[in-house]
Amino acid sequence: MNNEKTVRPFGMRDKLGITLGDLGCCCTEQFRAMFLTVFYTLVLQVNPFHVGTLMLITKIWDAINDPIIGALVDMKKPGKKGKFIPWIRAFSFPMAVLCVLGFVNVSNLDYGIRIAYMFITYVLYEALYTCVNVPFGSLSSVVTDDSRQRTALSRYRSLGGTIFMTVIVIAGPLVLYDNARNPIPGRFMMMASVCALIGFLCLQITCVWCKERVVYHAPKQQKVSYLEVMKNIAHNRALLGLMLFSFFGMVGASIVNGLNTYLFRDWFGNIKIMSVSGMLSTVYALIVFAITQPLANKFGKKEWCIYGAGFAAAVFAVLFFFPIHNPILFIVINGICYLGASGMQVLIWAMVNDAIDYQELMTGKRNEGIVYSAYSFFRKLANAVSGSLSSFILGFIGYNVASNQQTAEVIGRIWKSYTGFYVLGYGLAILMLIVIYPLGKKKTEEMLSELKARRAERASR
């Protein structure tokens with residue numbers, strides 16, 4: 001499984017490269033996730049139902065596109081720079097350009113033309129993002145095949161998203177809105193440009209700092225059969241469990257993120273105080289970074305995700321029935337819940353690598369690109385459902401995009417929707433891990449030992 005050529009040992013450059021790669025992806029994707037719906041509804045003045053329908057259609061197509069890109073990646077033999085890095089290097093720039101174009105203010109155009117522009121820029125961006133994200137997501141599985149090093153990579157990868165969220169949650173409310181809580185149209189595109197540039201540079205550094213060390217030498221007569229791999233994936237309980245775990249967890253978390261601006265703007269009546277949450281998230285992120293690997297090593301990745309997310313879901317179940325009107329108190333409680341639920345975000349990538357190994361254990365073949373893209377399919381599907389669902393929720397509860405002041409009834413429904421979907425999403429996610437996902441701590445250790453023995457035997461031949 002190791003490269004025949006001598007490469008530098010796994011080290012801090014690989015970890016920081018993975019951190020910057022995730023930061024690069026988040027700079028465009030998460031910025032869009034946080035502010036694109038707000039831009040569409042409050043700047044372009046598009047009906048929330050129409051925004052939701054647009055996102056649902058485009059995200060479903062984008063999800064279907066993931067396995068196709070994964071198959072194309074797997075069909076290409078590794079070159080001098082590896083199997084995945086050339087894809088990241090080639091597509092990161094056009095992805096950044098499309099991110100910026102998505103925030104062009106076309107509110108002066110006819111309504112139908114606005115919808116068409118949104119559709120075209122959305123589809124093109126997501127296609128290019130797939131060409132970057134699928135290879136990047138697969139990259140950590142070939143940087144190392146050591147379980148603890150993979151957990152470290154997953155831990156460092158989480159820093160990328162944390163760094164972005166810390167900065168954007170502080171800067172976003174201060175930059176994008178005026179003192180009357182109204183959006184400033186031009187600043188959305190300005191901020192998108194800054195995020196896109198930073199994202200592009202980070203991904204280029206990833207291509208230099210990360211090294212692909214694990215190479216699967218398939219027999220000469222072996223060819224990648226897309227249908228055969230997908231059939232095997234359908235019987236991969238580890239991957240299926242992760243897919244459903246991520247689907248429900250992401251739907252809950254993404255709906256909450258989608259409603260976050262409206263919660264602070266209308267429920268708390270103070271949108272700029274969201275920046276306090278960004279400052280506190282830095283402290284929480286440092287705590288998570290310090291405790292996650294020791295807890296995962298002690299309890300197991302699956303076990304820690306269940307314990308932590310279960311705690312967060314229980315707290316928000318209480319908040320559903322007992323609303324909080326003090327934004328600072330809410331931010332503190334939300335941050336504590338983040339500590340519990342953080343395992344879902346921090347450890348998921350190491351668990352995906354375990355699912356790739358589980359596929360190899362079952363079939364004797366290794367198809368990182370297709371397996372990861374199958375997982376990514378469900379993440380995109382979750383984004384489609386949650387991104388459109390948050391817009392549909394705003395429509396169903398009667399949110400008036402043309403009004404600066406919502407009715408008391410609508411404001412109350414925002415709180416119920418926010419807390420209720422948090423509980424529902426995380427609760428179902430935990431259930432999927434318990435019922436379907438087979439790789440607890442003991443089972444994972446047994447699997448890695450078996451694969452190590454098989455690889456040694458293959459190498460000796």
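Both Asp266 and Arg265 are buried, and that makes them a good pair to start with. Asp266 and Arg265 form a salt bridge in which the closest N and O atoms lie 3.8 Å apart. Before we go further, please keep in mind that this is a predicted model.

Side chains of opposite charge can pair when their charged atoms come close. How many salt bridges does the structure hold? There are nine salt bridges, and a few of them are worth visiting in turn.

Let's take Arg32 and Glu126 next. Their side chains meet in a salt bridge, with an N to O distance of 3.9 Å. This pair links distant parts of the chain: Arg32 belongs to helix 1 (residues 12-43), Glu126 belongs to helix 4 (residues 111-143), and the two are 94 residues apart. Are these partners buried or exposed? Arg32 is buried, and Glu126 is buried too.

Now move along to helix 15 (residues 441-460), where Glu450 and Arg454 are found. Their salt bridge brings the closest N and O atoms to 3.0 Å from each other. Because Glu450 and Arg454 are four residues apart in this helix, about one helical turn separates them. Glu450 has a relative accessibility of 36%, so this residue counts as partly exposed. Arg454 is likewise partly exposed, because its relative accessible area is 31%. Elsewhere, salt bridges that share partners join Arg8, Asp14 and Arg213 into one network.

From paired charges we can turn to a group of like charges. Which residues gather in a patch of positive charge on the surface? The patch brings together Arg13, Lys80, Lys81, Arg89 and Lys211. To find Lys211, look in the loop between helix 6 (185-209) and helix 7 (226-234). Lys211 counts as partly exposed because its relative accessibility is 33%.

The surface has a nonpolar patch as well, of about 540 Å², made by Ile60, Trp61, Ile64, Ile68, Leu72 and Met75. Trp61, one of its members, is found in helix 2. With a relative accessibility of 45%, Trp61 counts as partly exposed.

While you have helix 2 in view, have a look at Thr58, which sits in this helix (residues 48-75). Why is Thr58 classed as buried? Its relative accessible area is 3%, and the cut-off for buried is under 20%. The side chain of Thr58 reaches the backbone oxygen of Leu54 at a distance of 2.8 Å.

Just before this helix comes a stop for anyone who likes backbone angles. Gln45 lies in the loop between helix 1 and helix 2. What is notable about phi of Gln45? Its phi is near 60°, a positive value in a residue other than glycine. Gln45 is partly exposed, because its relative accessibility is 39%.

Our last stop is Val100, in helix 3 (residues 85-101). A relative accessibility of 16% is the reason why Val100 counts as buried. If you would like to trace a distance on the model, go from the C-alpha atom of Val100 to that of Ala171: these atoms are separated by 18 Å, and the two residues are 71 residues apart along the chain.

Note on methods:
Residues are numbered from 1 along each chain as its sequence is written. This is a predicted model: local features need pLDDT of at least 70, side-chain atom pairs count only at pLDDT 80 or more; totals for chains, interfaces and linings use all residues. Side-chain values use heavy atoms; hydrogens and water are left out. Patches are made of residues with over 30% relative accessible area and no salt bridge: like charges are joined within 9 Å, nonpolar side chains (Val, Leu, Ile, Met, Phe, Trp, Tyr) within 5 Å. Accessible areas come from the Shrake-Rupley method with a 1.4 Å probe; for residues, only the protein chains shown count as cover. A salt bridge is a side-chain nitrogen of Lys or Arg within 4 Å of a carboxyl oxygen of Asp or Glu. Lys and Arg count as positive and Asp and Glu as negative; His and the chain ends are not counted. The place of a charge is taken as NZ of Lys, CZ of Arg, CG of Asp or CD of Glu. Buried means under 20% relative accessible area, exposed over 50%, partly exposed in between (1.4 Å probe, protein chains only). A polar contact is a pair of N or O atoms within 3.5 Å; within protein, one must be able to donate a hydrogen and the other to accept it, and residues adjacent in sequence count only if both atoms are side-chain atoms.
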